[in-house]
Amino acid sequence: MTGTILNVVAILLGSALGTFLGGRIPDKLKQTVVSGMGLFTFALGIQMFLKTGNALIVLGSLVIGALLGEWWKIEDLLSQLGSWLEKRFNHANEEGEHSTHQRERFIRGFLTASLVFVVGPVAILGAIQDGISGDYRLLAVKSVLDGFASLAFSSSLGIGVAFSALPILVYQGAISLLAAQVQAITTPEMMNEMTATGGILLMGIAVSGLLEIKKIRTGNFLPALILAPLIVALLSALGVQVSLP
């Protein structure tokens with residue numbers, strides 16, 4: 001789990017620096033930086049989506065994933081976790097000194113950063129490499145990118161970004177520990193469709209959390225990341241070939 005630990009440390013350092021500099025950076029500059037991150041995230045999402053060999057698999061994953069996510073209320077659970085962390089971290093007094101705006105800002109920072117850092121093939125591929133061979137170079141690259149991203153996010157969205165290190169530790173750490181099993185059951189076609197589905201989620205994060213164009217409950221689409229490779233496996237079992245792009 002060396003790579004995952006590096007990733008967590010990078011996020012914490014970037015968030016601390018961004019929070020420290022946040023008050024010294026003009027609001028217009030912070031808004032512009034976050035908008036730039038939003039545009040980049042959207043473009044990255046498009047690039048990832050183009051990995052698909054069959055767009056219908058991505059669509060099916062998103063639809064079924066959304067149904068499961070709404071049923072399980074994943075977005076609400078993540079928001080509740082963010083709210084709990086905000087209360088624990090800020091030590092509000094009995095009368096609740098922190099405004100609703102502050103709490104919403106904390107939760108937005110936690111949700112946005114968590115989803116951006118978790119979604120994507122690098123988190124999975126890097127964790128598998130680290131778990132099997134101890135090669136953490138891919139996660140080291142991701143750590144640098146996440147560190148700069150957390151700096152940019154936290155300068156505008158606050159300290160909530162730092163707590164996104166928790167889901168990263170659990171998610172990537174679990175994959176590293178189960179790396180041999182994960183590698184044995186995945187194929188390039190499965191990884192491509194999962195990558196393409198993750199691209200759609202990244203576009204949703206950009207539109208909702210960063211560019212603030214339209215509110216999208218992106219967290220409720222997270223089951224789609226698991227469903228995409230499962231659909232590929234099911235089609236393969238039925239004799240339906242899923243082509244590479």
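The paragraphs below lead through a predicted model, beginning with its first helix and moving on to contacts between side chains.

A convenient place to start is α1, which covers residues 2–22. At 1.5 Å a residue, the 21 residues of α1 should span 30 Å, and the distance found between its end C-alpha atoms, 30 Å, agrees with that expectation. The buried residues of this helix are Gly-3, Thr-4, Asn-7, Val-8, Ala-10, Ile-11, Gly-14, Ser-15, Gly-18 and Gly-22. When α1 is viewed down its axis, these buried residues fall within an arc of 160 degrees, so they line one face of the helix. The spacing of such a list can be read against a general rule: an α-helix has 3.6 residues a turn, so residues three or four places apart point the same way. On the other side of α1, Leu-13 and Phe-20 are exposed.

Leu-13 also belongs to a nonpolar patch on the surface, which it forms together with Met-1, Ile-5, Val-9, Leu-169, Val-170, Leu-177 and Leu-178, and the accessible area of these residues together is about 760 Å². Two elements, α1 and α8 (165–177), give two or more residues each to this patch. Met-1 is found in the segment before α1, and because its relative accessible area is 35%, Met-1 counts as partly exposed. Helix α8 also holds Gly-173, which at 2% relative accessibility counts as buried. The C-alpha atom of Gly-173 is separated by 21 Å from that of Leu-85, a residue 88 positions away along the chain.

The aromatic side chains offer a second way into the model, with a count of 3 aromatic pairs. Trp-71 and Trp-72 form one that is stacked, with 6.2 Å centre to centre and 25 degrees between the planes. Trp-71 is exposed, with a relative accessible area of 63%, whereas Trp-72, at 45% relative accessibility, counts as partly exposed. In another pair, the rings of Phe-117 and Phe-153 have their centres 6.3 Å apart and their planes at 35 degrees, so the pair is tilted. This contact links distant parts of the chain, since Phe-117 sits in helix α5 (residues 100–118) and Phe-153 in helix α7 (residues 137–157), 36 residues apart. Both Phe-117 and Phe-153 are buried.

Helix α7 is also the setting for a charged contact, one in which the side chains of Lys-142 and Asp-146 meet in a salt bridge with an N to O distance of 2.6 Å. The two partners, Lys-142 and Asp-146, lie 4 residues apart in helix α7, about one turn of the helix, and both are buried.

The structure holds 6 salt bridges, and some of them reach across long stretches of sequence. The side chains of Glu-70 and Arg-217 meet in a salt bridge at 3.3 Å, N to O, and this pair links distant parts of the chain, with Glu-70 in helix α3 and Arg-217 in the loop between α10 (188–210) and α11 (223–237), 147 residues apart. Both partners are partly exposed, Glu-70 at 39% relative accessibility and Arg-217 at 31%. Glu-70 and Arg-217 are moreover linked with Asp-76 in a network of salt bridges.

The loop between α10 and α11 also contains Lys-215, whose side chain meets that of Glu-75 in a salt bridge at 3.8 Å, N to O. Because Glu-75 lies in helix α4 (residues 74–90), this contact ties together parts that are 140 residues apart in sequence. The two ends of the bridge fall into opposite classes of accessibility, in that Glu-75 counts as buried at 5% relative accessibility, while Lys-215 is exposed, with a relative accessible area of 61%.

Helix α3, already met through Glu-70, spans residues 55–72 and includes Leu-56. At 63% relative accessibility, Leu-56 counts as exposed, and its C-alpha atom lies 10.0 Å from that of Glu-193, although the two residues are 137 apart in sequence.

Conventions
Residues are numbered from 1 along each chain as its sequence is written. This is a predicted model: local features need pLDDT of at least 70, side-chain atom pairs count only at pLDDT 80 or more; totals for chains, interfaces and linings use all residues. Side-chain values use heavy atoms; hydrogens and water are left out. Patches are made of residues with over 30% relative accessible area and no salt bridge: like charges are joined within 9 Å, nonpolar side chains (Val, Leu, Ile, Met, Phe, Trp, Tyr) within 5 Å. Accessible areas come from the Shrake-Rupley method with a 1.4 Å probe; for residues, only the protein chains shown count as cover. A salt bridge is a side-chain nitrogen of Lys or Arg within 4 Å of a carboxyl oxygen of Asp or Glu. Buried means under 20% relative accessible area, exposed over 50%, partly exposed in between (1.4 Å probe, protein chains only). The expected span of a helix is 1.5 Å times one less than its number of residues. The arc is that of the directions from the helix axis to the C-beta atoms. Rings of Phe, Tyr and Trp (its six-membered ring) pair if their centres lie within 6.5 Å; planes under 30 degrees apart count as stacked, over 60 as edge-to-face and the rest as tilted.
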